[in-house]
Amino acid sequence: MDQHQSFTEGKILTPLIRFALPVLLALFLQAMYGAVDLLIVGQFGASTDVSAVSTGSQIMHTVTVVIVGLSMGITILAGQRIGEERPEEAGRVIGSGICLFAVVAAAVTALMMLFASPMAWVMHAPEEAFDQTVSYVQICSAGTVFIVAYNVLGSIFRGIGDSKMPLITVAIACVLNIGGDLLLVGGFHMGVAGAAYATVFAQAFSVMLSVLIIRRRRLPFTFTRRSLRFDRAVIRRIVVLGLPIALQDLLVSISFLVIIAIVNSLGVVASAGIGVAEKLCAFIMLVPSAFMQAMSAFVAQNVGARKPERAKKALLYGIISSVAAGLIMAYISFFHGSILAGLFSRDQAVIAAAADYLRAYAIDCIFTAFSFCFAGYFNGCGRTVFVMIQGLAGSFAARIPVSYLMSRIPGVSLFGIGLAVPVSTVLQIVLCAGYLIHMEKDGKKGGNPA
């Protein structure tokens with residue numbers, strides 16, 4: 001059965017939202033994936049187990065972010081080729097992408113296994129939990145091939161306009177991970193190692209399921225054994241598109257770690273407060289994140305089909321929809337942040353600190369509706385280098401310096417430090433709006449606006 005979706009004809013808003021919803025649910029399950037993992041270990045293990053899984057999962061999350069960003073090159077390029085109605089070229093993109101990421105998986109596995117201990121040291125893993133942290137990273141690293149395959153397959157599905165399949169696979173992985181944690185951590189008392197094995201098994205099963213489904217479906221691209229080869233031109237294009245996204249995501253993650261380090265200097269209550277708030281922010285920002293991914297796939301197909309005006313309308317509709325959701329999340333975060341924080345902590349001082357930080361994030365809920373949709377649009381147009389530049393500008397020209405300067409003010413609250421986040425987003429919006437105007441002028445002069 002043909003499940004892929006073409007975005008080049010018919011309505012815009014309905015298929016865009018229909019595509020974004022499964023992406024949203026998949027992102028939600030991914031956020032839950034780590035939260036539930038830590039919760040089960042906390043219920044059945046010691047405090048050292050919790051520390052090891054928390055630190056180890058942060059390391060693995062950083063690796064995953066880079067892989068997801070790089071795999072966006074496949075999503076964009078395959079989407080463009082499908083939009084151009086060149087199924088054989090789309091098959092070459094996917095085949096070359098698989099070959100590229102096979103090498104990436106081997107390299108990442110070797111590096112992670114070799115440098116697990118130094119990375120745990122860089123993350124300041126507590127001495128009593130150090131060995132367990134290293135063990136967690138090494139076990140998960142042994143399954144890197146599944147982490148890579150899991151995300152590459154997701155990028156392929158999104159590129160052909162199918163966001164439901166990645167949702168199904170992440171849902172199955174989430175359920176299996178929870179079941180594996182309960183069995184290995186709760187039943188066999190394997191602690192950190194059990195949590196790591198459960199994670200690897202869940203992702204391996206999802207990969208095998210995805211491959212079986214792909215083989216039984218009619219796909220909008222031509223794929224044969226000949227497609228599986230190192231086509232240098234195609235691989236170069238995938239890397240050119242995906243590497244800026246991967247680099248931006250990596251450095252943006254680092255910038256938030258720097259903010260956490262700045263807040264840590266203010267004391268344990270502030271440290272715990274921002275820790276709780278950041279967990280909540282992962283859920284608060286789900287809607288704009290989903291629209292960013294959906295926008296990339298939607299715009300890529302229309303750019304390939306040479307329908308730039310349709311792509312621009314998708315940007316407008318995406319912003320309007322995301323703003324509507326952002327206003328709701330802004331209201332909840334600003335006026336009811338203490339209720340949200342109470343889900344993760346019972347300490348009233350910590351809850352108050354987290355709620356204070358969330359009030360600043362409430363402002364950002366509205367601004368990210370613009371910046372994330374802009375990023376998705378430019379990614380779909382293949383302008384990923386600009387997306388990287390504006391993301392790094394927001395992080396290192398605004399977010400880090402503003403948060404540092406605010407932290408130097410005597411008696412500053414987390415709200416004051418948190419204002420660095422919306423300030424950086426406003427800078428990114430200004431840069432994106434300026435670049436969009438530049439693209440329009442370039443298009444009128446005879447260039448390609450997309």
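**Exercise 1. Find which residues Thr 144 is in contact with, beyond its neighbours within four places in sequence.**

Solution. Setting those neighbours aside, Thr 144 is in contact with Ala 105, Val 108 and Thr 109; contact means heavy atoms within 4.5 Å. A word on the model before we go on: it is predicted, with local features needing pLDDT of at least 70 and side-chain atom pairs counting only at pLDDT 80 or more, while totals for chains, interfaces and linings use all residues. Residues are numbered from 1 along each chain as its sequence is written, and side-chain values use heavy atoms, with hydrogens and water left out.

Next, place the residue: Thr 144 belongs to helix 6, residues 144-159 (helices are DSSP runs of H or I, at least four residues, numbered from the N terminus). Then check its surface: Thr 144 has a relative accessible area of 1%, so it is buried (buried means under 20% relative accessible area, exposed over 50%, partly exposed in between, with a 1.4 Å probe and protein chains only). Finally, look along the chain: Val 63 is 81 residues from Thr 144 in sequence, yet their C-alpha atoms are 9.4 Å apart.

**Exercise 2. Work out which helix gives the largest share of the largest nonpolar core.**

Solution. Start with the core itself: it has 50 residues, and Met 60, Phe 101, Met 112, Tyr 136 and Ile 238 have the most contacts inside it. Such a core is a set of buried Ala, Val, Leu, Ile, Met, Phe, Trp, Tyr and Cys residues joined through side-chain atoms within 4.5 Å. Now list contributors: helices supplying at least two residues each include helix 2 (47-83), helix 3 (87-114) and helix 9 (232-264). The largest share, 13 residues, comes from helix 2.

Take Tyr 136 as a close-up: leaving aside neighbours within four places, its contacts include Val 53, Met 60 and Ala 195. A second, separate core has 36 residues, among them Ala 311 and Val 387.

**Exercise 3. Classify the aromatic pair of Phe 201 and Phe 205.**

Solution. The whole structure holds 10 aromatic pairs. Rings of Phe, Tyr and Trp (its six-membered ring) pair if their centres lie within 6.5 Å; planes under 30 degrees apart are stacked, over 60 edge-to-face, the rest tilted. Phe 201 and Phe 205 lie 6.4 Å centre to centre with 40° between the planes, a tilted pair. Both sit in helix 8, 4 residues apart, so about one helical turn separates them. Phe 201 is partly exposed at 49% relative accessibility, and Phe 205 is partly exposed at 37%.
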